[in-house]
Amino acid sequence: MSALARLHRPATVEEAVRLLAGGDGERTRLLAGGATLVAMLNAGLVDPAELVSLAAVDELRGIGTLPDGGLRIGAMTRHRETAADVRLAGTLAVLREAAARIANPVVRNMGTIGGSISFADPAADYPPALVAADAAVEIAGPQGRRRVPAREFFVDWYATALGPNEMVTAILLAPRAPGLGSYDKLYRVAGDYAIVSVALSVAWRDGACARAGLAVGGCGPRPLHLDEADELLRAGRLGAQAARRAGELLAAAADPLDDVRASAAYRRRVIPRMVERALAAARDELSRTA
Amino acid sequence: MRMEGRFEVGAPRERVWRCITDATLMVACIPGCEEIEPVDARSYRARVLVEVGPIKARFNLVVEVTEELPFDRVASVTRGEEGTRASMLSADNLVTLTELGPELTEVRYSSEVSVTGRLAKYGLGMMRKRVDRLGVQFAERFRERIGSGALSA
């Protein structure tokens, strides 16, 4: 284990990208909230030579409203802030609920959305929520900025669409529509990663379902999502039969692991039940409010 | 943990044999392999980079061929560690070739692998998925090379 040689504190995204590109690629790392990276450093799992702290980059902080009414969540926004933002309502409530379920208050005070999705643990809470809400991820790199749909951002176990020397700068959300968002997770103990999680975002207008987004976490290399399941739910107006079918489709498409939390077979069994439960709760809520 | 897999190659068995015993070609096919250097007639030194999330482990390995039955099977033992001793790896490997047709060969590989240290953090299930993926990548690259005539016949 070698000592950490330098800690950089750039003030802009461009400077951060330059430091990343100028360093020794393998041993220069970005430091966001540190909720995961510092724990890994302390455990001796990683030994970067240089850290580029994003703490002083103003652009990355906080949640802003876009001209079209959508939201821009800066990469350095803490889970606690996201969990408390009332603009994340309607279809976007899924994100607020997911943020509120991450780990524990200490982690939510430190951890950031950009750090979390860059680490891309498939059992983490944000990935399925962002996929369900059909969010986009804004990325900065040596070639400038680009946007990637969340549905394409997560590519494999702990692997994302981020290229060399690229970083996440923000999450972009379309304007919220009336409807609902929900996030539920099955876990061993409070604060743990999900065994299985279900994220749902539904646009509902005049008694009809305009759009449904459903994603499952913890059951494969990336959030599990099928256009076909979304369409079934929309066309079936979130009905029990559509929910059952969507759950079965997702369970069949899942590629879960056996790990300390549960067996792969158990996860496959739980997926349809969690999906049905989420949809039953959604129907309940809509019948009360619509 | 035991890892195994198989794939087919559209080439005669002798040709496949020459490829799997060609160190230069193996460097190009093994995912993450940066260097293979012969030590003596029966052993090689190799450097392999394994990346899982933010963990990048560069292993210095010694591969010793323990049994070589031309055109049929190669058994080897791999031992190694990261430079910092943060992870250790050892493996008993067996590769067998079966002639399925004059232009079709089946490659079977199995390995009893043990990894300790920081990479073991990810657990067995995850490593297994990872290795399956590496196996597929290896097969793809191998087929490409063998088909492209990269090998001096």
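**Chat about a two-chain predicted model**

Biologist: How many residues does each chain put into the contact?
Modeller: Chain A gives 15 residues and chain B gives 14 residues; a contact here means C-beta atoms, placed from the backbone, within 7 Å of each other. This is a predicted model, where local features need pLDDT of at least 70, side-chain atom pairs count only at pLDDT 80 or more, and totals for chains, interfaces and linings use all residues. Residues are numbered from 1 along each chain as its sequence is written, with chains lettered from A and ligands numbered from 1 in the order in which they are written.

Biologist: And what is the side of chain A that touches chain B made of?
Modeller: That side of chain A has 10 nonpolar, 1 polar and 4 charged residues. Ala, Val, Leu, Ile, Met, Phe, Trp, Tyr, Cys and Pro count as nonpolar, Asp, Glu, Lys and Arg as charged, and the others, Gly among them, as polar.

Biologist: OK, which domains does chain A have?
Modeller: Domain 1 (6–53), domain 2 (61–173) and domain 3 (179–289), with bounds from an automatic or database domain assignment.

Biologist: How many residues of domain 1 of chain A are in contact with domain 2?
Modeller: 12 residues of domain 1 of chain A meet 17 residues of domain 2 of chain A. On the domain 1 side, the largest share, 5 residues, comes from helix H1 (residues 13–22) of chain A. Helices (H or I, at least four residues) and strands (E, at least two) are DSSP runs, numbered from the N terminus.

Biologist: Switching to chain B: what order do the sheet strands come in?
Modeller: It's an open sheet of 7 strands, S1-S7-S6-S5-S4-S3-S2 (chain B), with antiparallel pairing; strands pair if DSSP finds at least two bridges between them. The edge strands of chain B, each pairing on one side only, are S1 (2–9) and S2 (33–40).

Biologist: How many bridges join S1(B) and S7 of chain B?
Modeller: 8 bridges, between S1(B) and S7 (residues 104–117) of chain B. In that sheet, Glu8(B) stands opposite Glu106(B) in S7(B).

Biologist: Back to chain A. Is Leu238(A) buried or exposed?
Modeller: Leu238(A) counts as buried because 23 other C-beta atoms lie within 10 Å. The cut-offs: buried is 20 or more other C-beta atoms within 10 Å of a residue's own, exposed is 12 or fewer, partly exposed is in between, with C-beta atoms placed from the backbone.

Biologist: What about Arg237(A)?
Modeller: Arg237(A) is partly exposed, with 15 C-beta neighbours inside 10 Å. Arg237(A) sits in the loop between helix H9 (227–235) and helix H10 (240–253) of chain A, and its phi is near 50°, a positive value in a residue other than glycine.

Key:
Two residues are in contact if their C-beta atoms, placed from the backbone, lie within 7 Å.
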